Amino acid sequence: VAADPRFLIIKVQSSFLRCLVVAAHAPHSGAEPDIIETFWSSVAAAILHRFDDWPKLLLADANCRFGDCPNQHIGDHEAEASTPKSEAFCHFVVSQNLFIPASFASCHSGPSGTWRHPNGEWTRNDVIGVCTSWPLLQCRSWVDTDIDVTLHKEDHRPARVLLEWHAEA
């Protein structure tokens, strides 16, 4: 559907699943708010109107803090203090009809940190967003601490989600 050095949008269409997968690497949290806003606006604009009603699955290095203003899309589980730089990401999640399972205690188990700051603190930078309209029987989120993707130091951990639903015949 669309490709850019910082995002990729693909369509998946099979007998049991139809969705857009949006992989995005947002500008770092030190970027100016207008750069971050432009990024998330450009990702949304790259989703063609003919796909507006398609469910989306988001795989993002969001590079922002969120969860201190919970709603149906972003919960308060292990909330981090949002900043004005968080607004564009949160708006994207809502506008694409997504929810972040890792932000809901009913879905997430274990630690939430996916990136370790040089000060040693783990934060939830990497997230998976799931379509709110999927008829899920199960949604389980966790950070995998067993997969080692490090080259020099342990500073990244993968976010994982297990989704279960009945496919229509």
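This report describes strand pairing, the surroundings of one arginine and the largest pocket in a predicted model.

**Strand pairing**

The chain opens its description here with β1 (residues 2-4) and β2 (residues 7-13), which run antiparallel and are joined by three bridges. A hairpin of two residues connects β1 to β2, and within this pairing aspartate 4 has phenylalanine 7 of β2 as its bridge partner. Strand β2 also pairs with β3 (residues 18-25), again in the antiparallel sense, over seven bridges; here the connecting hairpin has four residues, and isoleucine 10 is matched with valine 21 of β3.

| Strand pair | Sense | Bridges | Hairpin link |
|---|---|---|---|
| β1 and β2 | antiparallel | three | two residues |
| β2 and β3 | antiparallel | seven | four residues |

**Arginine 65**

Arginine 65 belongs to the loop that runs between β4 (56-61) and α2 (87-95). Its side chain makes a polar contact of 2.7 Å with the side chain of asparagine 125. When neighbours within four places in sequence are left aside, the residues in contact with arginine 65 are Glu80, Ala81, Ser82, Thr83, Ser86, Trp115, Thr123 and Asn125, so that asparagine 125 appears both in this list and as the polar partner.

**The largest pocket**

The largest pocket holds about 240 Å³ of space and has a lining of 13 residues, with Phe16, Leu17, Trp165, Ala167 and Glu168 lying nearest its centre. Sorted by class, that lining consists of eight nonpolar, three polar and two charged residues.

Key
Residues numbered from 1 in each chain as written. Predicted model: local features only at pLDDT ≥ 70, side-chain atom pairs only at ≥ 80, totals over all residues. Heavy atoms only, no water. Polar contact = N/O pair within 3.5 Å; in protein donor to acceptor, adjacent residues only side chain to side chain. Contact = heavy atoms within 4.5 Å. 1 Å grid on protein atoms, 1.4 Å probe; cavity = no way out; pocket = protein on both sides within 12 Å on 5 of 7 lines; lining within 4 Å. Points joined across faces, edges and corners; volume = space filled by probe spheres on them. Nonpolar A, V, L, I, M, F, W, Y, C, P; charged D, E, K, R; others polar. Pairing = 2+ DSSP bridges.
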